[in-house]
Every structure is written in structure tokens, then in C-alpha cells.
Amino acid sequence: MTGLCAGRVAVVTGAGRGLGRAHALALAAEGAEVVVNDLGVALDGAAGQGSPAQEVADEIRALGGEAVAHGGDIATTDGAASLVATALDTYGRLDALVNNAGFLRDRMLINLDEDDWDAVLRVHLKGHFLPLRHAAAHWRAEAKAGRAPAARVVSTSSGAGLLGSVGQGNYSAAKAGIVGLTLVAAAELGRYGVQVNAIAPAARTRMTEGTFPETMAAPDQAGAFDAMAPENVSPLVVWLASADSAGVTGRVFEAEAGRITVMEGWRPGPTADKGARWTPAEAGEVTRKLLAAADPPRPVYGAS
């Protein structure tokens, strides 16, 4: 390893399993001191057993790294505040926040009840906002005190948030919201030395194994490249969390297997301007012409 994050302190939420665990281990391997957060819940957010955060922190220390566990609920003000405080009290600084925590409650829209909507929006979107808010308050104070940080935030969106996903209206809405939050945070926090980016990863986790079992399966052949291993995503996360990523902010990246893609988002396409108000019939006619000249939309995840 190159020590890309030597001397830096990183917080990773949802780091007890899957992508979060891979990120925490990769950051530690590059020299970061890591706060490993995980509430230890089941796939649907129900109470779980044991402390996966402590297990990962122990694993990092057994490998010669530095880590501390945090088991608080980062979708609460107190939990998010204590997450930032844990980094500052334990290591005296905070350089990177990797927001990764989440769970699923998949339903088709007509079967999606209010509790399942609220629970998924809470952990994904609110669980991004509150740690970001508390970390940003610390970094702003540092900047105002003349100690401008080289701070980094890596948010976790999804292809479902960029394209939509059948049966995942709550999850898709939350992940799309994370992209919007990322863009606003990048614009607002740059003056304080904070860069904010998002990834849309594809990897084998508890959430994806059940939804896409064939796509996410590990290879049968010994020694074959495991394209869906979560560890494939972590190198980009580590780089974005490092000081080496200076100048990169407000971006969304897809990361899967050995592929990294810069996502370009919504941009103006074909346009017509009458210079006056359209009639409904005129609006329909010109809109069909514009659609014929536009690129077709990519298919929604899970659509047949």
C-alpha cells in the first residue's frame, strides 16, 4: 500500500458489513485511522444481534491499523453528533466522512406503505444529511479559525437513484435525494475546504444479493476475477477521501468491478422556443419533435 491516507481520520457509516466494511478496511490499509459505525440491524432495519462495527474495528487493529467502533444511530441528531465527537475525541481530528449506511424495504408502489417509505428515507437520506451537517459544522469552525481542512465527503447513491428501480420506489427516491444533497453540499462547503462527491456502486452486499442473485453471484472458477466483490469499489472511495483528490467535487461516479464512470446527469437537450405562449396542441406537437431528436432514456432497473 502507498499510505495515501496516512495521518487522516475517516468515518464510515454502515461499515459493519458489505461495502462499508470494505471501505473501512481499505482506508485503514492506506494509513487512515477509522471510526467504524454500524447500528447492527437486519436487512430491513429490524434490531440485529452482535456488534459488527466492533468486529470490523477489531479486524483492522488485528491487521496493524487503527480503528474505533461507533454503534449509534446516525439518522438521529444525537447519534450523528456523537459520531463526529468520537472521531475528534479519539483521534483529535476528522478528515473524511463516508456515508454508506442503509437498508431495504422493497415493495411495488401500490403495496408500499407509509412506514416502509419513511424508514428507508430516514436511514438513507436523513442518515446522510445529519452526519454531513455535524461534520460540516466542525470543518467550518476549523476554517474560520484559520485551520482550513482538506476535508472530503463521499456519499453513496445507486443506479436506482439515477435511473429508478422497479419495486424500489422508496429506495430510488432516497438515493436520488442523496445526489441532490451532494450537489448542494459541494456548492455550499467548498469555501471551507470541503469536497463532496457521490458514488453509485454495484457490488455484492446483503441488499443486492436478494434483489439480483444471478448478477451478484461470485464466480465458480477458482482464481477468476470476482467482479461483484465490494472491495472493487473501495479504491475509488479511498482516493476520493484522500488529499490527492484535490479539485474534485460535486461529481457522481459509477463504480463496478474494474470500471469507473463519471456520470454526467441532467443536461439540456433539444429545445424549442416560440417566444410566446404555446397552445396545448402546439406544445404537444413540438414536444414530440423534441423527443424524436433526443437520446432515448436508459431502461429502468428491473424493467422487463
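Lys289 and Glu285 are four residues apart in helix α10 (residues 280-293), so about one helical turn separates them. In this predicted model, the two residues form a salt bridge in which the closest N and O atoms are 3.7 Å apart. Lys289 is exposed, at 58% relative accessibility.

The salt bridge within α10 belongs to a wider set, since a search of the whole structure finds 11 salt bridges. Side chains of opposite charge can pair when their charged atoms come close. One of these pairs is formed by Arg21 and Glu59, whose closest N and O atoms are 2.8 Å apart. Arg21 lies in helix α1 and Glu59 in helix α2 (residues 52-62), so this pair ties together parts that are 38 residues apart in sequence. Both residues are partly exposed: Arg21 has a relative accessible area of 26%, and Glu59 is at 27% relative accessibility.

A further salt bridge joins Glu254 to Arg259, with the closest N and O atoms 3.4 Å apart. Glu254 is buried at 10% relative accessibility, whereas Arg259 is partly exposed with a relative accessible area of 36%. Strand β7 (residues 252-256) includes the position of Glu254, and edge strand β8 (259-263) begins at the position of Arg259. Salt bridges also link Arg105, Arg107 and Asp116 in a network.

The strands are described next. Eight of them form an open sheet with mixed pairing, in the order β3-β2-β1-β4-β5-β6-β7-β8. At the edges are β3 (66-70) and β8 (259-263), each of which pairs on one side only. On average, and with direction ignored, neighbouring strands of this sheet are turned by 20 degrees against each other. Strands of a sheet pair through backbone hydrogen bonds, either parallel or antiparallel.

Strand β1 (residues 9-12) has β2 on one side and β4 on the other in the sheet order. Strands β1 and β2 (residues 33-37) run parallel and are joined by four bridges. Strands β1 and β4 (residues 96-98) also run parallel, and three bridges join them. Val11 takes part in both pairings: the bridge partner of Val11 in β2 is Val35, and the partner in β4 is Leu97.

In a regular strand the side chains alternate between the two faces of the sheet. In β1, Val9 and Val11 point one way, while Ala10 and Val12 point the other way. All four of these residues are buried.

Strand β1 is also part of a right-handed β-α-β unit, together with helix α1 (residues 18-29) and β2. Helix α1 therefore connects two strands that are neighbours in the sheet order. Elsewhere in the sheet, strand β6 (residues 194-202) and strand β7 (residues 252-256) run parallel and are joined by five bridges. Within this pairing, the bridge partner of Pro201 in β7 is Ala255.Two helix pairs were examined for packing. Helices α1 and α2 pack at an angle of about 25 degrees, and their axes are 10 Å apart. Angles under 35 degrees count as roughly parallel, which makes α1 roughly parallel to α2. Helix α1 passes α2 in a right-handed crossing. The salt bridge between Arg21 and Glu59 also spans these two helices, with Arg21 in α1 and Glu59 in α2.

Helix α3 (residues 77-91) and helix α4 (residues 114-144) pack at an angle of about 45 degrees, with 8 Å between their axes. The two helices are therefore oblique to each other. As with α1 and α2, the crossing is right-handed. Asp116, a member of the salt-bridge network with Arg105 and Arg107, falls within the residue range of α4.

Outside the helices and strands, Phe225 is found in the loop between α8 (213-216) and α9 (234-241). Phe225 is exposed, with a relative accessible area of 54%. Phe225 and Gly258 are 33 residues apart in sequence, and their C-alpha atoms are 9.5 Å apart in space.

Methods. Residues are numbered from 1 along each chain as its sequence is written. This is a predicted model: local features need pLDDT of at least 70, side-chain atom pairs count only at pLDDT 80 or more; totals for chains, interfaces and linings use all residues. Side-chain values use heavy atoms; hydrogens and water are left out. Buried means under 20% relative accessible area, exposed over 50%, partly exposed in between (1.4 Å probe, protein chains only). Two strands pair if DSSP finds at least two bridges between them. A crossover is right-handed if, with the strands pointing away from the viewer, the path from the first strand over the helix to the second runs clockwise. A salt bridge is a side-chain nitrogen of Lys or Arg within 4 Å of a carboxyl oxygen of Asp or Glu. Axes are lines fitted to C-alpha atoms, for helices over the stretch in contact, and angles run from 0 to 180 degrees between N-to-C directions. Angles under 35 degrees count as roughly parallel, over 145 as roughly antiparallel, 65 to 115 as roughly perpendicular and the rest as oblique. A crossing is left-handed if the near helix is turned anticlockwise from the far one by less than a right angle, and right-handed if clockwise.
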